[in-house]
Amino acid sequence: MCSEHDALAGPLAALPRSESMDVNNDPRFFSNNVIAKRLAAFQTICVVASLMVGQSVKQMFLLEKNIDITTVDGVVQYTG
């Protein structure tokens with residue numbers, strides 16, 4: 001009975017076998033890497049952006065509701 005592993009072993013037998021090092025207690029896996037730092041920065045940017053959106057919506061609701069475009073304030077409100 002021939003398994004799938006035995007069928008692939010024939011063509012791959014010409015390649016040299018290699019041994020890999022153990023990954024136990026490897027500092028590359030436990031230290032902070034660039035991706036973790038970028039994700040932390042992205043999280044900070046998202047928090048700041050959501051706070052700014054909340055404040056801008058709050059300021060929009062505080063504006064006067066009746067806009068008179070014959071005054072300077074009305075024109076600024078209309079363009080904003």
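Which element of the chain has the lowest mean pLDDT, and which the highest? Helix 1 (residues 4–12) sits at the bottom with 65, while helix 3 (residues 34–62) tops the elements with 92. Here pLDDT is the predictor's confidence in each residue, from 0 to 100.

This is a predicted model, where local features need pLDDT of at least 70, side-chain atom pairs count only at pLDDT 80 or more, and totals for chains, interfaces and linings use all residues. Residues are numbered from 1 along each chain as its sequence is written, and side-chain values use heavy atoms, with hydrogens and water left out.

Across the chain, the picture looks like this:

| Chain property | Value |
|---|---|
| Average pLDDT | 80 |
| Residues with pLDDT of at least 70 | 81% |
| Residues that count as buried | 2% of 80 residues |
| Exposed area | about 8,100 Å² |
| Share of that area from carbon and sulfur atoms | 64% |

Buried means under 20% relative accessible area, exposed over 50%, and partly exposed in between (1.4 Å probe, protein chains only). Areas come from the Shrake-Rupley method with a 1.4 Å probe; for residues, only the protein chains shown count as cover.

The chain has four helices and zero strands (DSSP runs numbered from the N terminus: helices are H or I, at least four residues; strands are E, at least two).

Now for Ile 69, in the loop between helix 3 and helix 4 (72–79). Ile 69 counts as exposed because its relative accessibility is 56%. Skipping neighbours within four places in sequence, Ile 69 is in contact (heavy atoms within 4.5 Å) with Gly 74, Val 75 and Tyr 78. Thr 79 is ten residues from Ile 69 in sequence and 9.8 Å away, C-alpha to C-alpha.
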